[in-house]
Amino acid sequence: MLIRRPPDIPSSEITPERVFLDRRSFIRHAALGTAAAALSPSTLSGTRHTAPQDPRFSELESELGEPVNAWTEITTYNNFYEFGTAKEDPHRNSGSFRPRPWTVRIEGHVNNPGDYELDDFLAPHRIEDRVYRMRCVEAWSMVIPWRGFPLGDLVRRVDPTGDARFVEFTTIVRPDEMPGQRTGVLPWPYVEGLRLDEAMHPLTMLVTGVYGVDLPNQNGAPLRLIVPWKYGFKGIKSIVSIRFVEEMPMTTWWAANAREYGFYANVNPEVDHPRWSQARERRIGELRRRETLMFNGYANQVGQMYADLDLTRWI
């Protein structure tokens with residue numbers, strides 16, 4: 001796995017944008033010839049735009065040669081039920097949401113619990129950029145350039161006790177700003193969880209940005225989770241609580257419909273959703289469907305964690 005961390009000052013802040021993007025294009029084509037990187041996340045030194053809609057961004061690729069989805073696709077086609085159930089609702093309804101000030105609570109079986117203002121929460125961590133595939137349980141997908149840091153770095157920092165076996169995440173509840181929370185479409189607040197070893201895996205990220213800028217409200221500002229080998233609903237957004245627990249937490253979609261949405265939610269083309277096939281997916285921006293990869297293409301990195309798990313079950 002190749003993960004390169006950016007320097008203290010991103011090169012995009014000291015290099016003209018056109019030169020920077022041309023250099024990334026050269027590096028991209030060189031990297032595609034390296035078989036060892038075929039399933040690794042790529043890195044992308046972010047440019048600091050308030051709205052990075054420059055079409056040259058769409059030329060960036062993952063190491064599999066997949067084009068990165070456009071800014072407009074990533075920020076206008078979302079599942080974020082706190083703002084509504086239609087794909088355009090988060091973009092349309094999140095303008096009043098305030099991602100600052102923000103506090104994250106660390107609690108449960110840890111030696112360093114506390115309430116952390118967002119800047120203090122982020123300060124000890126080295127922010128990096130990675131391109132990941134994202135596969136929705138609804139059988140659509142994107143390739144997205146995220147910005148954040150490994151969740152495992154935070155886990156080590158807060159120092160779980162021997163009783164911590166799972167990590168539970170909770171989204172903020174602000175129905176005045178999040179109109180979807182004024183409905184009963186899901187039980188609020190939204191809750192997700194990981195096994196501790198999943199949380200510690202190097203691919204798992206706490207994300208603060210996309211395309212090199214801070215997360216837009218509709219994408220989970222100011223802090224969200226990304227676990228690229230799992231279906232997208234595991235990527236909880238607008239996190240305010242991270243709790244280390246002994247028992248497997250009851251997550252929101254699992255509680256709402258256990259038959260269709262389990263705790264693990266690993267991408268598996270061999271196990272269909274009860275209402276549709278998972279063997280193929282529709283990449284946003286493409287006309288033809290493509291085959292879905294086991295663990296979303298990250299099997300070499302994460303498959304060993306589930307050697308004793310019955311992957312034929314919908315969990």
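Residues 24 or more positions apart account for 72% of the contacts in the chain with a separation of 6 or more. The model described here is predicted. This report moves from the chain as a whole to three of its salt bridges.

**The chain as a whole**

The chain holds eight helices and 12 strands. It has 315 residues, of which 55% count as buried. Its accessible surface amounts to about 13700 Å², and carbon and sulfur atoms supply 51% of that area.

**Salt bridges**

The chain contains 22 salt bridges. Three of them are set out in the table, with the distance between nitrogen and oxygen.

| Pair | N to O distance |
|---|---|
| Arginine 100 and aspartate 119 | 2.8 Å |
| Aspartate 129 and arginine 147 | 2.9 Å |
| Arginine 275 and glutamate 260 | 2.7 Å |

The side chains of arginine 100 and aspartate 119 form a salt bridge. Arginine 100 belongs to the loop between helix 3 (89-93) and strand 1 (103-108), while aspartate 119 belongs to helix 4 (residues 118-122), so the pair ties together parts that are 19 residues apart in sequence. Arginine 100 counts as partly exposed, because its relative accessibility is 42% and the partly exposed class lies between the 20% and 50% limits. Aspartate 119 is likewise partly exposed, at 40% relative accessibility.

A salt bridge also connects aspartate 129 with arginine 147. This pair links distant parts of the chain, for aspartate 129 is in strand 3 (residues 128-135) and arginine 147 is in strand 4 (residues 140-150), 18 residues apart. Is this pair made of buried or exposed residues? Aspartate 129 is buried, with a relative accessible area of 4%. Arginine 147 also counts as buried, at 10% relative accessibility.

The remaining pair in the table is arginine 275 and glutamate 260. Both residues lie in the loop between helix 7 (252-256) and strand 11 (280-283), so their salt bridge ties together parts that are 15 residues apart in sequence. Arginine 275 is exposed, with a relative accessible area of 53%, whereas glutamate 260 counts as buried at 5% relative accessibility.

Salt bridges can also share partners, and in this way Glu66, Arg133, Arg135, Glu281, Arg283, Glu286 and Arg290 are joined into one network.

Conventions. Residues are numbered from 1 along each chain as its sequence is written. This is a predicted model: local features need pLDDT of at least 70, side-chain atom pairs count only at pLDDT 80 or more; totals for chains, interfaces and linings use all residues. Side-chain values use heavy atoms; hydrogens and water are left out. Helices (H or I, at least four residues) and strands (E, at least two) are DSSP runs, numbered from the N terminus. Buried means under 20% relative accessible area, exposed over 50%, partly exposed in between (1.4 Å probe, protein chains only). Contact means heavy atoms within 4.5 Å. Accessible areas come from the Shrake-Rupley method with a 1.4 Å probe; for residues, only the protein chains shown count as cover. A salt bridge is a side-chain nitrogen of Lys or Arg within 4 Å of a carboxyl oxygen of Asp or Glu.
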